[in-house]
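Colleague: I have just been handed this one and have not looked at it before. Please walk me through it slowly.

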Amino acid sequence: EVNLVESGGGSVEAGGSLRLSCAASGYNFKNYCMGWFRQAPEKGREGVAVIDYDGTTTTYADSVKGRFVISRDNSKNIVYLQMDSLKPEDTAMYYCAATMTNTCLSLLSKAGDGMDYWGKGTLVTISS
């Protein structure tokens, strides 16, 4: 059974940092592209960052470039999202997702449509 479990969310003030983790199990993690997506209250889902199979290529939403970093540890089956200089508009439920498609980096702009597996999310709340 495939499982993606996010952790690390919480409430911080603007300017603060959080590191999200997503622990994967039940599939061959190193063969899958991984991504972080988010959904704010009353808004649609949007892509945040995507990382390819071996971590050599990443892509980010313009709104988080320079502030967020996605990384992965294939020995531990974990993908991370380091979030710095957080803003109130970063408040959202954050989801990790996985896909085997070789066009996975393009799924950032498609809000994750096409990702194969999803976690249940972790809530991030940023106060001003």
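Modeller: Let me start with the vocabulary: helices (H or I, at least four residues) and strands (E, at least two) are DSSP runs, numbered from the N terminus. This is a predicted model, in which local features need pLDDT of at least 70 and side-chain atom pairs count only at pLDDT 80 or more, while totals for chains, interfaces and linings use all residues. Residues are numbered from 1 along each chain as its sequence is written, and side-chain values use heavy atoms, with hydrogens and water left out.

Colleague: OK, how many helices and strands are there in the protein?

Modeller: The protein has 11 strands and zero helices, so reading along the sequence gives the pattern β-β-β-β-β-β-β-β-β-β-β. The radius of gyration, taken over C-alpha atoms, is 13 Å, close to the 14 Å that the globule rule (2.2 Å times the number of residues to the power 0.38) gives for 128 residues, so the protein is as compact as a globular protein of that length. The C-alpha trace spans about 40 × 25 × 25 Å along its principal axes.

Colleague: And what share of the residues count as buried?

Modeller: Of the 128 residues, 43% count as buried, where buried means under 20% relative accessible area, exposed means over 50%, and partly exposed lies in between (1.4 Å probe, protein chains only). If a contact is taken as heavy atoms within 4.5 Å, then among contacts between residues at least 6 apart in sequence, 60% join residues at least 24 apart.

Colleague: Switching topic: which cysteines form a disulfide?

Modeller: The structure holds two disulfides, a disulfide being a pair of cysteine sulfur atoms within 2.5 Å. In one of them C22 and C96 are joined, with their sulfur atoms 1.9 Å apart. C22 lies in strand β3 and C96 in strand β9, so this pair ties together parts that are 74 residues apart in sequence. C22 is buried at 0% relative accessibility, and C96 is buried with a relative accessible area of 0%.

Colleague: What does C104 join to?

Modeller: C104 is joined to C33, with an S to S distance of 2.1 Å, and the link is right-handed, with 80 degrees about the S-S bond. This pair also links distant parts of the chain, since C33 is in strand β4 and C104 is in the loop between β9 and β10, 71 residues apart. Both C33 and C104 are buried. With the bonded cysteines numbered in sequence order, the pairing is 1-3, 2-4.

Colleague: Now the rings: how many aromatic pairs are found in the whole structure?

Modeller: A search of the whole structure finds five aromatic pairs. Rings of Phe, Tyr and Trp (its six-membered ring) pair if their centres lie within 6.5 Å, and planes under 30 degrees apart count as stacked, over 60 as edge-to-face and the rest as tilted. Among them are Y27 and Y117, whose ring centres are 5.7 Å apart with planes at 35 degrees, so the pair is tilted. Y27 lies in the loop between β3 (18–25) and β4 (33–39) and Y117 in strand β10 (residues 117–118), so the pair ties together parts that are 90 residues apart in sequence. Y27 is buried, at 12% relative accessible area, whereas Y117 is partly exposed, at 28%.

Colleague: And how far apart are the ring centres of F37 and W118?

Modeller: Those centres are 5.2 Å apart and the planes are at 55 degrees, so the pair of F37 and W118 is tilted. F37 is in strand β4 and W118 in strand β10, 81 residues apart. F37 is buried at 0% relative accessibility, and W118 is partly exposed with a relative accessible area of 30%.

Colleague: Which residues do ring pairs link into a cluster?

Modeller: The cluster is made of Y27, F29, Y32 and Y117. R72 lies over the face of F29, at 4.4 Å from the ring centre; a charge sits over a ring if NZ of Lys or CZ of Arg is within 6 Å of the ring centre and within 35 degrees of the ring normal.

Colleague: Last one: where is A111, and what is its phi?

Modeller: A111 sits in the loop between β9 (92–99) and β10, and has a positive phi of about 60 degrees although it is not a glycine. Most residues other than glycine have a negative phi. A111 counts as buried, at 16% relative accessibility. N77 also has a positive phi, near 60 degrees; N77 is found in the loop between β7 (68–73) and β8 (78–83) and is partly exposed, with a relative accessible area of 24%.
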